[in-house]
Amino acid sequence: QDPFTAFHLDKTLVRKYLSPLLIGELAPDQPSFEPSKNKKLVEDFRELRGTVERMGLLNPNPAFFILYLCHILMLDVAAWLTIWYFGASTVPFLFSAVLLGTVQAQAGWLQHDFGHLSVFSTSKWNHWVHKFVIGHLKGAPASWWNHLHFQHHAKPNCFRKDPDVNMHPLFFALGKTLSVELGVQKKKFMPYNHQHKYFFIIGPPALVPLYFQWYIFYFVVQRKQWVDLAWMLSFYIRFSLTYWPLLGLKGLLGLIILVRFIESNWFVWVTQMNHIPMHIDYDKNVDWFSTQLQATCNVHQSFFNDWFSGHLNFQIEHHLFPTMPRHNYWKVAPLVKSLCAKHGVEYQCKPLLTAFADIVHSLKDSGELWLDAYLHK
């Protein structure tokens with residue numbers, strides 16, 4: 001019930017599509033609550049959900065998202081004007097690349113809002129604008145994002161269910177339990193005891209330019225998502241028409257590679273600071289609230305942190321209420337903290353740089369656990 005409530009705006013419509021999947025109903029004498037879940041915590045969270053709805057915290061402020069889109073478009077125009085006015089020498093070229101990298105990162109946070117149905121009151125409008133923002137402003141497919149991201153939200157940090165931790169075990173040994181298991185099985189796809197070092201090579205700088213950049217085209221063609229492909233091509237056509245006359249072909253290619261490099265570093269550090277240092281294991285089928293709290297943590301609130309992370313510094317609140325517009329996370333945070341305190345659930349919140357450092361520390365720790373198990377167990 002809790003994931004269903006969290007993900008969908010028009011629940012009546014969704015139930016209509018689900019009705020053919022109904023197999024049967026439990027007999028009155030059968031237990032309807034799984035023993036692996038905390039019943040009192042579930043009840044209290046559902047009460048909190050009701051409070052959130054009554055407070056209007058799921059209602060978006062259109063002005064926030066209009067201004068946010070405007071600031072992205074202004075940065076995009078400023079990047080072009082920089083090269084048009086100052087020329088294609090090194091300093092304006094690099095300055096323009098930084099502006100465009102900022103555009104890509106911030107458009108990434110904005111498309112995330114539309115993808116989670118948190119801007120408009122109807123799913124249809126959110127989906128339409130999502131295609132524009134992720135497709136035309138970023139050159140990526142909405143269908144690909146939806147396919148991966150909702151699996152992540154349903155079972156965050158659950159191995160084989162959350163695609164975001166599929167880097168285990170091919171590239172990284174993640175989580176204390178899984179790392180030891182890998183060592184006991186004598187598996188060594190990479191020298192995991194050095195993963196906190198090679199993370200700086202194959203993680204932040206490489207994910208977008210060397211993997212996402214080509215895989216998204218493979219994804220849309222394989223799944224015949226032609227509308228998404230058209231939106232993606234519109235981004236590359238616009239980018240080429242605006243920068244080719246100023247930079248030439250080599251300059252254009254260099255600019256797009258540098259922009260993707262900046263975007264990739266920004267994206268990986270922000271998205272992984274909330275998850276990699278947290279509990280990673282197989283799915284234990286615990287309640288929704290506990291599942292999200294053990295897999296996510298927050299970063300301190302400030303104007304810069306909110307902007308820099310697209311409000312994903314409130315990752316806990318975002319995971320508990322994925323359709324909540326991000327400008328309301330700070331309002332619900334005290335209520336979530338109170339519920340955590342009542343039930344003895346850890347609510348982690350840390351400084352931004354500490355959160356970044358914890359990614360490296362957790363990789364180092366799990367790598368050492370793997371090595372110890374690999375050599376001695």
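**Cores, salt bridges and local geometry of the predicted model**

In this predicted model, residue I359 is in contact with F199, W269, Q272, M273, I276 and P277, when residues up to four places away in sequence are not counted. Three of these names, I359, F199 and M273, recur in the description of the largest nonpolar core, which contains 40 residues. Together with L110 and L363, they are the residues that touch the most other members of this core. Several helices contribute to the core, and at least two residues come from each of α4 (62-86), α5 (90-115), α6 (123-136), α8 (176-184), α9 (195-202), α11 (226-272) and α16 (352-376). The greatest contribution is that of α16, which supplies 7 residues. A second core, separate from this one, comprises 23 residues, among them V52, L58, M324 and V336.

Nonpolar side chains also occur at the surface. A patch of about 590 Å² is formed there by L170, F171, F189, F200, I201 and I202. Of these residues, F200 belongs to helix α9. The relative accessibility of F200 is 45%, and F200 is therefore classed as partly exposed, since this class lies between 20% and 50%.

Annotations from an unreviewed UniProt entry were compared with the model. The entry assigns the label "domain: Fatty acid desaturase" to residues 92-349. Within the model, this span is 65% helix and 1% strand, and its end C-alpha atoms are 38 Å apart. The entry also gives the label "transmembrane region" to residues 64-87, 198-221 and 241-262. For residues 198-221, the end C-alpha atoms are separated by 32 Å, with 83% of the span in helix and 0% in strand. For residues 241-262, the corresponding separation is 22 Å, and the span is 100% helix and 0% strand.

Residue F217 is located in helix α10 (residues 207-222). With a relative accessible area of 24%, F217 is partly exposed, because the value is not under the 20% required for a buried residue. Apart from neighbours within four places in sequence, the contacts of F217 are L229, M232, L233 and Y236. By contrast, D365 lies 148 residues from F217 along the chain, and the C-alpha atoms of the two residues are 36 Å apart.

Attention is now turned to charged side chains. The whole structure contains 15 salt bridges. One of them joins R260 to E263, with a distance of 2.9 Å from N to O. These two residues are 3 positions apart in helix α11, so about one helical turn separates them. R260 is buried, because its relative accessibility is 5%, and E263 is likewise buried, because its relative accessible area is 8%.

A further salt bridge links K364 and E368, whose closest N and O atoms are 2.7 Å apart. Both residues lie in helix α16, where a spacing of 4 residues corresponds to about one turn of the helix. K364 has a relative accessibility of 33% and so counts as partly exposed. The value for E368 is 40%, so this residue also counts as partly exposed. Elsewhere, salt bridges with shared partners connect K40, D44 and K342 into one network. A salt bridge is also formed between K37 and E34, with 2.8 Å between the closest N and O atoms. Here K37 is partly exposed, with a relative accessible area of 26%, and E34 is partly exposed at 37% relative accessibility.

Finally, three positions were noted for their backbone geometry. The peptide bond leading from H168 to P169 is cis, its omega being near 0°. P169 is placed in the loop between α7 (142-154) and α8. K186, which is not a glycine, has a positive phi of about 60°. This residue is situated in the loop between α8 and α9, and at 39% relative accessibility K186 is partly exposed. A positive phi, near 65°, is also found at H311, a residue other than glycine. H311 occupies the loop between α13 (303-309) and α14 (315-320). The relative accessible area of H311 is 11%, and H311 is therefore buried.

Technical notes:
Residues are numbered from 1 along each chain as its sequence is written. This is a predicted model: local features need pLDDT of at least 70, side-chain atom pairs count only at pLDDT 80 or more; totals for chains, interfaces and linings use all residues. Side-chain values use heavy atoms; hydrogens and water are left out. A nonpolar core is a set of buried Ala, Val, Leu, Ile, Met, Phe, Trp, Tyr and Cys residues joined through side-chain atoms within 4.5 Å. Buried means under 20% relative accessible area, exposed over 50%, partly exposed in between (1.4 Å probe, protein chains only). Contact means heavy atoms within 4.5 Å. UniProt positions are given in the numbering used here, feature names are shortened, and annotations may be inferred rather than shown by experiment. Patches are made of residues with over 30% relative accessible area and no salt bridge: like charges are joined within 9 Å, nonpolar side chains (Val, Leu, Ile, Met, Phe, Trp, Tyr) within 5 Å. Accessible areas come from the Shrake-Rupley method with a 1.4 Å probe; for residues, only the protein chains shown count as cover. A salt bridge is a side-chain nitrogen of Lys or Arg within 4 Å of a carboxyl oxygen of Asp or Glu.
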